[in-house]
Amino acid sequence: MRTDTETSYLNRGDWRDTATRYALLPLRIFLGVTFIYAGLNKLTDSAFMKSGGAGSIGDTMRAARDSAAVPALIDMALKNPVGFGYAIALGELAVGIGTLIGLLGRLAALGGALISLSLWLTVSWATTPYYYGNDLAYLMAWLPLVLAGAPYLSLDAAWRSRRRQRTGGYR
């Protein structure tokens with residue numbers, strides 16, 4: 001048994017500080033990759049980007065309309081389902097890339113939260129029990145990133161660091 005006062009690396013708290021610092025990184029990676037994949041999947045699915053037919057955005061929205069919490073959102077999207085499909089796909093792609101590389105991290109996370117909220121209030125609202133629907137879980141997963149942004153291993157952090165170096169201090 002050691003009786004000296006020096007503590008080991010594990011007991012000094014360094015690993016806890018490091019773990020705390022990078023705690024949101026796995027969430028950023030997961031959400032970023034998932035939203036990039038979702039956006040690309042929509043853009044490359046020939047059946048999805050149609051106003052009607054099996055697997056189309058139009059049929060998906062029409063099927064969800066009567067069970068949605070906010071059917072007016074679906075009615076608005078049904079005015080141009082293909083345009084809405086492209087908007088969602090490109091939005092998911094932008095949110096995923098922004099989150100993954102930490103570019104405008106809070107804004108990207110807010111975009112992801114809004115996409116997840118709109119999908120929860122429309123397409124997955126009727127899922128019972130509610131915790132089987134993934135859009136509510138995605139909405140909750142985005143909230144820590146909305147609050148914290150991408151403070152480490154991100155373009156946002158690199159820009160902050162560079163700005164501090166140029167101005168000679170913390171601003």
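The expected span of a helix is 1.5 Å times one less than its number of residues. Keep that rule for the first stop. The model on screen is predicted.

**Stop 1: helix H7**

Select 134-148, helix H7. H7 has 15 residues, so at 1.5 Å a residue it should span 21 Å. The C-alpha atoms at its ends are 22 Å apart, which agrees.

Now colour its buried residues: Asp135, Leu136, Tyr138, Leu139, Ala141, Trp142 and Leu145. An α-helix has 3.6 residues a turn, so residues three or four places apart point the same way. What lies over the buried residues of H7? The cover includes H2, H5 and H6.

Step just past the end of the helix. Gly149 follows H7 and takes a positive phi of about 70°.

**Stop 2: the largest nonpolar core**

Show side chains for Leu31, Phe35, Val95, Ala109, Ala113, Ile115, Leu136, Tyr138, Leu139, Ala141, Trp142 and Leu145. These 12 residues form the largest nonpolar core. Helix H2 (25-44), H6 and H7 are the elements that give two or more residues to this core. Which of them gives the most? H7 does, with 6 residues. Another core, of 9 residues, lies apart from this one; Phe48, Met49, Ala68 and Ala77 are among its members. In soluble globular proteins, nonpolar side chains tend to be buried together.

**Stop 3: Trp142 and its partners**

Centre on Trp142. Beyond its neighbours within four places in sequence, Trp142 is in contact with Leu31, Phe35, Val95, Thr99, Ala108, Ala109, Gly112, Ala113 and Ser116. Two of these partners deserve a selection of their own.

Take Ser116, in helix H6. Is Ser116 buried or exposed? Its relative accessibility is 2%, and buried means under 20%, so Ser116 counts as buried. With neighbours up to four places away in sequence set aside, its contacts are Phe35, Asp135, Tyr138, Leu139 and Trp142.

Then pick Thr99, in helix H5. Thr99 is buried, with a relative accessible area of 3%. Residues up to four places away in sequence aside, Thr99 touches Arg28, Gly32, Ala108, Ala109, Trp142 and Leu145.

**Stop 4: the cavity**

Rolling a probe the size of a water molecule over the atoms shows where empty space is left. How many cavities of 30 Å³ or more does the structure hold? It holds 1. The largest cavity has a volume of about 30 Å³.

Select its lining: Arg28, Thr99, Gly105, Ala109, Trp142, Leu145, Gly149 and Ala150. Thr99 and Trp142 come up again here, as does Gly149, the residue with positive phi just after H7. Helix H6 (105-121) and helix H7 (134-148) each supply at least two residues of this lining. By class, the lining has 4 nonpolar, 3 polar and 1 charged residues.

**Stop 5: the largest pocket**

Move on to the largest pocket, which holds about 580 Å³ of space. It is lined by 24 residues. Which lie closest to its centre? Select Lys42, Ile88, Glu92, Leu119 and Val123. H2, helix H3 (57-65), helix H4 (71-78), helix H5 (81-101), H6 and H7 each supply at least two lining residues. The lining of this pocket divides into 14 nonpolar, 7 polar and 3 charged residues.

**Stop 6: the loops**

Start between H4 and H5, where Asn80 sits in the loop. At 47% relative accessibility, Asn80 counts as partly exposed. Draw a distance from its C-alpha atom to that of Gly58. The two residues are 22 residues apart along the chain, and their C-alpha atoms are separated by 8.7 Å.

Most residues other than glycine have a negative phi, and most peptide bonds are trans. The remaining selections concern backbone geometry.

- Leu104, in the loop between H5 and H6. Its phi is near 50°, a positive value in a residue other than glycine.
- Pro129, in the loop between H6 and H7. The peptide bond from Thr128 to Pro129 is cis, with omega near -10°.
- Leu153, in the loop between H7 and helix H8 (155-167). Phi of Leu153 is near 50°, also positive in a residue other than glycine. Leu153 is exposed, with a relative accessible area of 57%.

Methods
Residues are numbered from 1 along each chain as its sequence is written. This is a predicted model: local features need pLDDT of at least 70, side-chain atom pairs count only at pLDDT 80 or more; totals for chains, interfaces and linings use all residues. Side-chain values use heavy atoms; hydrogens and water are left out. On a 1 Å grid over the protein atoms alone, a cavity is a set of points where a 1.4 Å probe fits but cannot get out, and a pocket is an open set with protein on both sides within 12 Å along at least five of seven lines; lining residues have an atom within 4 Å of a point. Grid points are joined across faces, edges and corners, and a volume is the space filled by probe spheres set on the points. Helices (H or I, at least four residues) and strands (E, at least two) are DSSP runs, numbered from the N terminus. Ala, Val, Leu, Ile, Met, Phe, Trp, Tyr, Cys and Pro count as nonpolar, Asp, Glu, Lys and Arg as charged, and the others, Gly among them, as polar. A nonpolar core is a set of buried Ala, Val, Leu, Ile, Met, Phe, Trp, Tyr and Cys residues joined through side-chain atoms within 4.5 Å. Buried means under 20% relative accessible area, exposed over 50%, partly exposed in between (1.4 Å probe, protein chains only). Contact means heavy atoms within 4.5 Å.
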